[in-house]
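Please open the model in your viewer and keep a selection panel at hand. The stops below go from the interior outward to single residues.

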Amino acid sequence: MITFKYLITSALPYGSNIPHLGNIIGSVLPADVYSRFLKLDGKECKYVCGTDSNGTPIEVEATKHKVEPSEWVEKKHKEIKKLFDELNLDFDVYSRTDNKNHAEKTIEIYNKLKENGYIYRKDIEILYCPKCEKSLPDRYVKGKCPKCGAEGAKGDQCDECGKLFDSPKELIDYYCSSCKSRPKKKKSEHVFFKLSELEEEIKELLERKREKWPKTTIKITENLLKEGLRDKDISRNLKWGIEIPDKPGQVFYVWIDAPIGYISFSKEIGIEEWWKDEDTKLIQFMGKDNVPFHTVYFPAILKGTREGYVEPERVKACEFLNYGGGQFSKSNKVGVFLDDAMELYPSDYWRYALIKMYPGKRDREFTWKEFRKMINHDLNDVVGNFVHRTLTFTEKFFESKVPEPDLMERDKEILKAIDETEKKLRDTLGQKMEFNKSIDMVIDLARKTNKYITDEEPWKNKERQKEVTYTSLQVTKALSIYLEPFIPETADKIKKFLGINPEKLEQAKERLEPGHKIKGYEPLFEKISKKEADKYEEKFKEKNNEKEVEEMKKIPFDQFKELEIKTGKIKNVEKIEKSDNLYKITIDIGKEERTAVAGLKNYYSQEELKDKEVAVVTNLEPAKIMGVKSEAMVLAAVDNEKVSLLKTDKKMKPGTPVE
Ligand SMILES: [Zn+2]
Ligand SMILES: [Zn+2]
């Protein structure tokens with residue numbers, strides 16, 4: 001019998017910033033669940049990943065923070081690694097692409113490609129910003145996407161529609177992302193990879209994997225092949241990155257070296273030969289935007305070496321998890337990033353909710369309402385409540401020992417459900433990689449047993465106490481195993497309560513022996529209040545831009561009260577000679593008369609105004625207008641064409657306060 005080696009990879013997190021919830025569910029979390037499951041099922045499996053530390057995004061981010069790219073990556077890599085530990089991501093290696101081992105592996109592969117005639121040089125037109133005095137590779141340029149019309153698309157790929165660009169010049173009205181000015185064109189000799197020559201081999205790869213790769217993956221790959229594969233510019237005029245050995249001053253395009261990280265990281269843990277072993281099953285996880293690199297470019301590079309590297313068995317791509325109707329944005333503080341997340345709730349809350357929200361077929365939205373519901377209903381009301389009831393019965397009725405039962409049909413049915421869940425998990429998770437469906441099946445086992453307890457009423461029904469407690473304890477044990485790939489901290493807690501330490505999936509079938517003593521119990525989860533969820537929804541949502549906020553600025557009531565408005569009656573109206581529009585108006589405001597200068601000439605005649613009742617602001621600082629001292633202001637409704645004086649709708653004495 002062949003023992004397969006399972007090599008799991010997930011798209012490397014960018015070292016430019018902390019990943020958000022969408023990044024997590026797109027790559028590292030499903031890969032972790034899957035690799036945990038395979039290991040639990042006794043498979044030989046390694047999960048390799050690391051920080052993508054090269055490339056323009058890092059340089060851009062470092063420049064913004066006025067530090068060297070190496071310093072920036074150092075800081076971010078440590079932060080990301082710590083957060084991944086907190087999220088309980090169980091990597092066999094988590095490395096980074098700015099180390100020597102990785103640079104050596106990349107150069108080794110490049111030299112092979114060169115030896116085999118897949119590398120050549122060509123003069124190209126690059127963009128150069130005279131204001132910033134530098135060449136502008138991909139991400140240093142932004143503009144309008146020629147395919148979908150999105151503004152601010154990046155020079156290498158449109159985030160909106162996923163379109164990849166060979167050159168940032170394909171963007172409409174492109175500009176330098178640092179200073180916003182229009183870059184100039186300049187000639188530069190670049191290094192090219194003859195991707196076009198490998199087109200047939202990539203087409204054959206797609207045909208071989210048609211049954212194994214998910215629809216999203218197939219569609220994206222087909223679209224790329226339909227356009228025809230063009231040779232790829234693999235060099236960039238940058239300082240940060242892996243320098244091309246025979247092209248000083250240029251580094252490898254980050255998407256060339258990043259996937260090679262999977263190999264160089266494998267080397268760090270001594271399994272590099274897995275990459276050339278026909279019994280290896282390479283299983284790769286990523287968001288849909290990364291598919292082209294995993295089904296076309298990376299396999300083409302490996303094929304070009306002619307060294308017999310394995311092909312990807314599964315390329316599991318998912319759609320996007322969005323936030324607040326759009327994308328997560330660290331700079332605009334929109335959405336939850338992993339650092340925020342780990343501060344707010346235990347890792348299992350996030351793992352559970354994200355797996356439930358896995359966007360397998362279409363884009364999904366993270367909502368706080370849904371998050372709260374999942375934690376409160378599924379984890380608290382179902383899992384937490386079930387485990388609590390079971391362990392309380394054991395303690396109360398049987399001095400914390402597993403009772404000796406006399407099983408009836410109903411109990412046997414529940415025990416059978418344990419074994420069926422194991423089989424279903426192998427199919428739904430192991431074979432089909434249906435993440436949300438798999439976790440639902442496990443929660444359903446708890447839900448079903450919970451209902452059985454409610455129906456049997458062991459607190460009243462003394463003669464059924466033994467069987468119900470025994471059966472529920474077996475389900476609790478099974479949960480401690482089945483939940484492990486999804487929510488490992490909770491699974492470990494349950495194992496501790498039960499005083500057991502099963503390590504294999506098949507141990508779920510082995511029953512706890514009568515007489516076995518359980519250790520104790522504490523609550524597994526806490527509910528999230530609506531108030532709290534609402535608070536976080538407000539905190540992480542898109543803020544109105546400042547201008548809008550300014551326009552909406554409110555004044556306190558006290559400030560309004562400072563304004564003195566009174567009724568008045570116009571006694572006299574005079575023209576101001578030198579002005580086209582101004583009258584000098586005398587107004588009776590009760591105990592005194594005031595003079596006001598008002599721009600009413602174009603709207604009212606002197607006759608019309610005389611004896612009119614009006615509203616007047618009486619405590620403004622006096623101002624001299626066209627030589628006349630104005631000591632009051634007449635209130636009127638004003639639009640572009642009309643002006644209408646305000647008056648009370650009942651007759652009031654002059655000098656009556658307006659409030
Ligand atoms: Zn687009
Ligand atoms: Zn510039």
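Begin this tour of a predicted model by selecting Ala353, Leu354, Ile355 and Leu479, which touch the most other members of the largest nonpolar core, a set of 130 residues. Helix α1 (residues 21–40) supplies the largest share of this core, with 11 residues, and is worth colouring separately. Apart from this core lies another one of 15 residues, and Leu609, Val614, Val616 and Ala632 are among its members. Returning to Ala353 and leaving aside its neighbours within four places in sequence, you will find this residue in contact with Phe371, Met374 and Ile375.

Now zoom out to the whole chain, which has 19 helices and 26 strands. Its radius of gyration is 35 Å, whereas the globule rule gives 26 Å for 659 residues, so the chain is more spread out than a compact globule. Taken along the principal axes, the box filled by the C-alpha atoms is roughly 110 × 85 × 40 Å. Of the 659 residues, 42% count as buried, and among contacts between residues at least 6 apart in sequence, 72% join residues at least 24 apart.

Next, select helix α6 (residues 215–227) and display its end C-alpha atoms, which are 19 Å apart; this agrees with the 18 Å that its 13 residues should span at 1.5 Å a residue. Which residues of α6 are buried? They are Thr216, Thr217, Ile220 and Thr221, and because they cover an arc of only 125° around the axis, they lie on the same side of α6. If you then show the surroundings, the elements that cover these buried residues include α5 (199–209), α8 (291–305) and β14 (312–318). Turn to the other side of α6, and there Lys215 and Lys226 are exposed. Just after the helix comes Gly228, whose phi is positive, near 85°.

The last two stops are residues other than glycine that also have positive phi. Select Glu133, which is not a glycine and yet has a positive phi of about 55°, in the loop between β4 (119–129) and β5 (134–135). Is Glu133 buried or exposed? With 7 other C-beta atoms within 10 Å, Glu133 is exposed. Finally, move to Asp173, whose phi is near 50°, again a positive value in a residue other than glycine. Asp173 lies in strand β8 (residues 172–176), and it counts as exposed, with 9 C-beta neighbours inside 10 Å.

How values were computed
Residues are numbered from 1 along each chain as its sequence is written. Chains are lettered from A and ligands numbered from 1 in the order in which they are written. This is a predicted model: local features need pLDDT of at least 70, side-chain atom pairs count only at pLDDT 80 or more; totals for chains, interfaces and linings use all residues. Helices (H or I, at least four residues) and strands (E, at least two) are DSSP runs, numbered from the N terminus. A residue is buried if 20 or more other C-beta atoms lie within 10 Å of its own, exposed if 12 or fewer, and partly exposed in between; C-beta atoms are placed from the backbone. A nonpolar core is a set of buried Ala, Val, Leu, Ile, Met, Phe, Trp, Tyr and Cys residues joined through C-beta atoms within 7 Å. Two residues are in contact if their C-beta atoms, placed from the backbone, lie within 7 Å. The radius of gyration is taken over C-alpha atoms; the globule rule is 2.2 Å times the number of residues to the power 0.38. The expected span of a helix is 1.5 Å times one less than its number of residues. The arc is that of the directions from the helix axis to the C-beta atoms.
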